[in-house]
Amino acid sequence: MNAISPLSPPKARTYRLEPRPPATSHEEERLHRKQRLAATFRLFGRYGFDQGLAGHVTARDPEFPDQYWINPLGVHFSQIRTSNLQLVDHEGNILIGNRPINTAGFTIHSALHKARPDVIAAAHTHSTYGKAFSALGIPLLPLTQDSCAFYEDHAVFDPFSGVVLEDSEGERLAETLDSHKALILQNHGLLTVGHTVEAAAWRFIAMDNAAHAQLLAQAAGPVKPIAPDIARKTAAQVGTEQGGYFSFQPLWDWIVAQEPDLLD
């Protein structure tokens, strides 16, 4: 009887996350951005980032870069669908949609989209931990690997001067943001931007989490920040645009499975 030959050892394989292929048309890219924008609102609703009429996330239109999609005023984040997002221009004219929009949202996002052609999406809500942290008037410390994503790449907008309704305030906000990925609006909340809707949305979730972690740590006692050189190195590893995009994907898969009507 022949001896049974041992099994051949398995071949080593390499796997990696693949970037999204470029859209083949403006229509395809527009639908992609709008669906991710609607998913962002559903996720923000789940995270409790809604606060009455406050809060807004925008996505630049791929065909008309001086126009952007925004949530209609007075619709709860958990109810927003792809089909009821509204298109506005830099003058605040509603080009698609039949509801009012948040005036402060228009003022802030219009200034950001004008000043930063690279920004596809911007997110700002009145999340609880974001508001609490903003009252300190300080930047995030590199206390954890996750918070290093914002190291040397965010700024503090101060002082608080009321609801942002004047163009000059929107312009000052955009100037403070400069080339950074995020902003702490003192006594107000957090704001993040990205080259994709996915990156901007993930960054807001991550920044609110980092603010929460710092509040807990500082309440417990003296903190030990990560050394600047290590924080800088870690930021280059965990704070990239691609990292933000990929980090959003599990949330996208989950929320679409839970609430498929958001695609309507």
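**Close-up 1. Helices H5 and H7 meet through a mixed set of side chains.** On the H5 side are Glu198, Ala199, Ala201, Trp202, Arg203 and Ile205, and these meet Glu241, Gly244, Tyr245, Ser247, Phe248, Gln249 and Leu251 in H7; contact means heavy atoms within 4.5 Å. This is a predicted model, in which local features need pLDDT of at least 70 and side-chain atom pairs count only at pLDDT 80 or more, while totals for chains, interfaces and linings use all residues. Residues are numbered from 1 along each chain as its sequence is written, and side-chain values use heavy atoms, with hydrogens and water left out. The helices pack at an angle of about 80°, with axes 7 Å apart, and are therefore roughly perpendicular to each other. Axes are lines fitted to C-alpha atoms, for helices over the stretch in contact, and angles run from 0 to 180 degrees between N-to-C directions. Angles under 35 degrees count as roughly parallel, over 145 as roughly antiparallel, 65 to 115 as roughly perpendicular and the rest as oblique. Helices (H or I, at least four residues) and strands (E, at least two) are DSSP runs, numbered from the N terminus.

**Close-up 2. H1 runs alongside H5 in a roughly parallel pair.** Helix H1 spans residues 26-47 and helix H5 residues 197-220; their packing angle is about 10° and their axes lie 9 Å apart. H1 brings His32, Arg33, Arg36, Leu37, Thr40, Phe44 and Tyr47 to the contact, and H5 brings Val197, Glu198, Ala201, Phe204 and Ile205. Sorted by class, that gives seven nonpolar, two polar and three charged residues. Here Ala, Val, Leu, Ile, Met, Phe, Trp, Tyr, Cys and Pro count as nonpolar, Asp, Glu, Lys and Arg as charged, and the others, Gly among them, as polar.

**Close-up 3. H2 and H4 pack at an oblique angle.** For helix H2 (residues 103-115) and H4, the angle is about 50° and the axes are 8 Å apart. Look for Thr107, Ile108, Ala111, Leu112 and Ala115 of H2 against Asp167, Gly170, Glu171, Leu173, Ala174 and Leu177 of H4. This contact divides into seven nonpolar, two polar and two charged residues.

**Close-up 4. The largest pocket draws lining residues from H1, H5 and H7.** Its volume is about 290 Å³. Of its 17 lining residues, Arg20, His195, Thr196, Glu198 and Tyr245 are the closest to the centre. Helix H7 (241-258) is among the helices that each supply at least two lining residues, and H7 gives the most, with four. On a 1 Å grid over the protein atoms alone, a pocket is an open set with protein on both sides within 12 Å along at least five of seven lines, a cavity is a set of points where a 1.4 Å probe fits but cannot get out, and lining residues have an atom within 4 Å of a point. Grid points are joined across faces, edges and corners, and a volume is the space filled by probe spheres set on the points.

**Close-up 5. Pro159 follows a cis peptide bond and also lines the largest cavity.** The cis bond joins Asp158 and Pro159, with omega at about -5°. Pro159 sits in the loop between strand S6 (154-157) and helix H4 (167-177). The structure holds one cavity of 30 Å³ or more, and the largest cavity has a volume of about 60 Å³. Its lining includes Phe157, Phe160, Glu169 and His188.
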